[in-house]
Amino acid sequence: MRDLLDPKNDFVFKRIFGSEENKDILLAFLNRTFMEAGEPPLTEIVLMNPYTDKDSPRDKQSIFDIQAKTAEGKLINVEMQLFNKYDNEKRTLYYWSKQYAGQLEEGHSYKKLRKCVTINILNFSILPNDRYHNIFHLREDHSGITLIDDIEIHIMELSKLNLQHIPNEGGLLNWLLFLKSEDTTNWEVLRVNEPALSKAMTALEYLSQNAEARRMYEMRQKALHDEASMLEGARAEGESIGLAKGMLVIAQNMMNKGMDFPTIAELTGLSMEQLDKLKQKH
């Protein structure tokens, strides 16, 4: 068998977890995630943006996160991040707020707003603890009472799995070890612990042998590396000439390379209005 593709690549991740034919894989993963949060299992989900052939690394508008809705209307967003885009906490809250506010049409009651859950799977660490799975809610500092249950954010840091032992029972850790993908010799143990992982492993093996999927994977992998390098360069340049001025310079360079405004805004932290002014100025 050819070398396996990296399931941490967001294009591959969506192919495995975000397609209609693999919806049962996503459901099994989500139920293990929510079990650790002390929540009841889901019985059904609807994919809001299932993978299609249009989700191509060649298309800058392709969205490689996974958006799903439960039977009760709860919205779930799952995103795989291979490289650190920095300001992750603010970025996470921003996209959570867009999903939450986006439910409400003009003139509708706030009662129609449903809970939104964000699940970020990171290939790096951002939190100052040893937990590989952290769950955030909106609670009062002293008593711990919940203000409202509508916000729930999961941060899973694969980099913290290094000291973890292979589990001898089912659970989320098996899924994360599969995604970490550094050692396939433990696959049989993971498969026994989590039978639903068999289909995910088979899907990854199939993709890895598909020439077109491998070509698109390598295209996406290059784009992710280029984006990470550009962002790292932006931070270094920003530190040398002042962060605000540095980001404007980097944004202009990104425009010159033909990058779209939403991507530039995400990477630099600049607003669309600032980008419009910058474009008019030059």
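This report describes helices, buried residues, nonpolar cores and one pocket in a predicted model.

## Helix α1 and its N-terminal cap

Helix α1 spans residues 10-17 and is mostly covered, with 8 of its 8 residues buried. The buried residues are Asp10, Phe11, Val12, Phe13, Lys14, Arg15, Ile16 and Phe17. The list thus includes Asp10, Lys14 and Arg15.

Asn9 is found in the segment before α1 and caps the N-terminal end of this helix. In the cap, a side-chain oxygen of Asn9 lies 2.9 Å from the backbone nitrogen of Phe11. Asn9 counts as buried because its relative accessibility is 0%, the cut-off being under 20%. Apart from neighbours within four places in sequence, Asn9 is in contact with Tyr217, Arg220, Gln221 and Leu224.

## Arg15 and Tyr51

Arg15 lies in helix α1, while Tyr51 lies in the loop between β1 (45-47) and β2 (66-70). The side chains of Arg15 and Tyr51 make a polar contact of 3.2 Å. Both residues count as buried: Arg15 has a relative accessibility of 19%, and Tyr51 has a relative accessible area of 14%. The value for Arg15 is 19% and buried means under 20%, so Arg15 falls in the buried class.

With neighbours up to four places away in sequence left aside, Arg15 is in contact with Asn22, Tyr51, Leu207 and Ala213. On the same basis, Tyr51 is in contact with Phe11, Lys14, Arg15, Gly18 and Ser19. Of these partners of Tyr51, Phe11, Lys14 and Arg15 are among the buried residues of α1. Tyr51 and Lys14 are 37 residues apart in sequence, and their C-alpha atoms are 6.5 Å apart in space.

## Helix α2 and the nonpolar cores

Leu26 lies in helix α2, residues 23-36. Its relative accessibility is 0%, so Leu26 counts as buried. Beyond four places in sequence, Leu26 touches Phe17, Ile45, Leu47, Ile66 and Ala68. The C-alpha atoms of Leu26 and Lys14 are separated by 9.8 Å, with the two residues 12 places apart along the chain.

In soluble globular proteins, nonpolar side chains tend to be buried together. The largest nonpolar core of this model has 48 residues. Phe17, Phe29, Leu30, Ile121 and Phe178 are the residues with the most contacts inside this core. Leaving aside neighbours within four places in sequence, Phe29 is in contact with Phe17, Val78, Ile121, Met156, Leu172, Trp175 and Leu176. Another core, of 14 residues, lies apart from the largest one and includes Met247, Ala251, Met254 and Met255.

## His133 in strand β5

His133 lies in strand β5. At 2% relative accessibility, His133 counts as buried. A polar contact of 2.7 Å joins the side chain of His133 to that of Glu36.

Not counting residues up to four places away in sequence, His133 touches Thr33, Glu36, His154, Ile155, Met156 and Leu172. Met156 and Leu172 are also among the contacts of Phe29. His133 and His154 are 21 residues apart in sequence, with a C-alpha to C-alpha distance of 6.9 Å.

## The second largest pocket

The second largest pocket has a volume of about 260 Å³. It is lined by 16 residues, of which Glu89, Thr92, Leu93, Phe136 and Ile153 are the closest to its centre. Two or more lining residues come from each of α3 (88-101), β4 (116-122), β5 (133-139) and β6 (146-157).

Helix α3 gives the most to this lining, with 5 residues. By class, the lining of the second largest pocket has 9 nonpolar, 5 polar and 2 charged residues.

## Helix α9

Helix α9 covers residues 261-268, and 6 of its 8 residues are buried, so the helix is largely enclosed by the rest of the structure. The buried positions are Phe261, Thr263, Ile264, Ala265, Leu267 and Thr268. Gly269 follows α9 and has a positive phi, near 85°.

Definitions and conventions:
Residues are numbered from 1 along each chain as its sequence is written. This is a predicted model: local features need pLDDT of at least 70, side-chain atom pairs count only at pLDDT 80 or more; totals for chains, interfaces and linings use all residues. Side-chain values use heavy atoms; hydrogens and water are left out. On a 1 Å grid over the protein atoms alone, a cavity is a set of points where a 1.4 Å probe fits but cannot get out, and a pocket is an open set with protein on both sides within 12 Å along at least five of seven lines; lining residues have an atom within 4 Å of a point. Grid points are joined across faces, edges and corners, and a volume is the space filled by probe spheres set on the points. Helices (H or I, at least four residues) and strands (E, at least two) are DSSP runs, numbered from the N terminus. Ala, Val, Leu, Ile, Met, Phe, Trp, Tyr, Cys and Pro count as nonpolar, Asp, Glu, Lys and Arg as charged, and the others, Gly among them, as polar. A nonpolar core is a set of buried Ala, Val, Leu, Ile, Met, Phe, Trp, Tyr and Cys residues joined through side-chain atoms within 4.5 Å. Buried means under 20% relative accessible area, exposed over 50%, partly exposed in between (1.4 Å probe, protein chains only). Contact means heavy atoms within 4.5 Å. A polar contact is a pair of N or O atoms within 3.5 Å; within protein, one must be able to donate a hydrogen and the other to accept it, and residues adjacent in sequence count only if both atoms are side-chain atoms.
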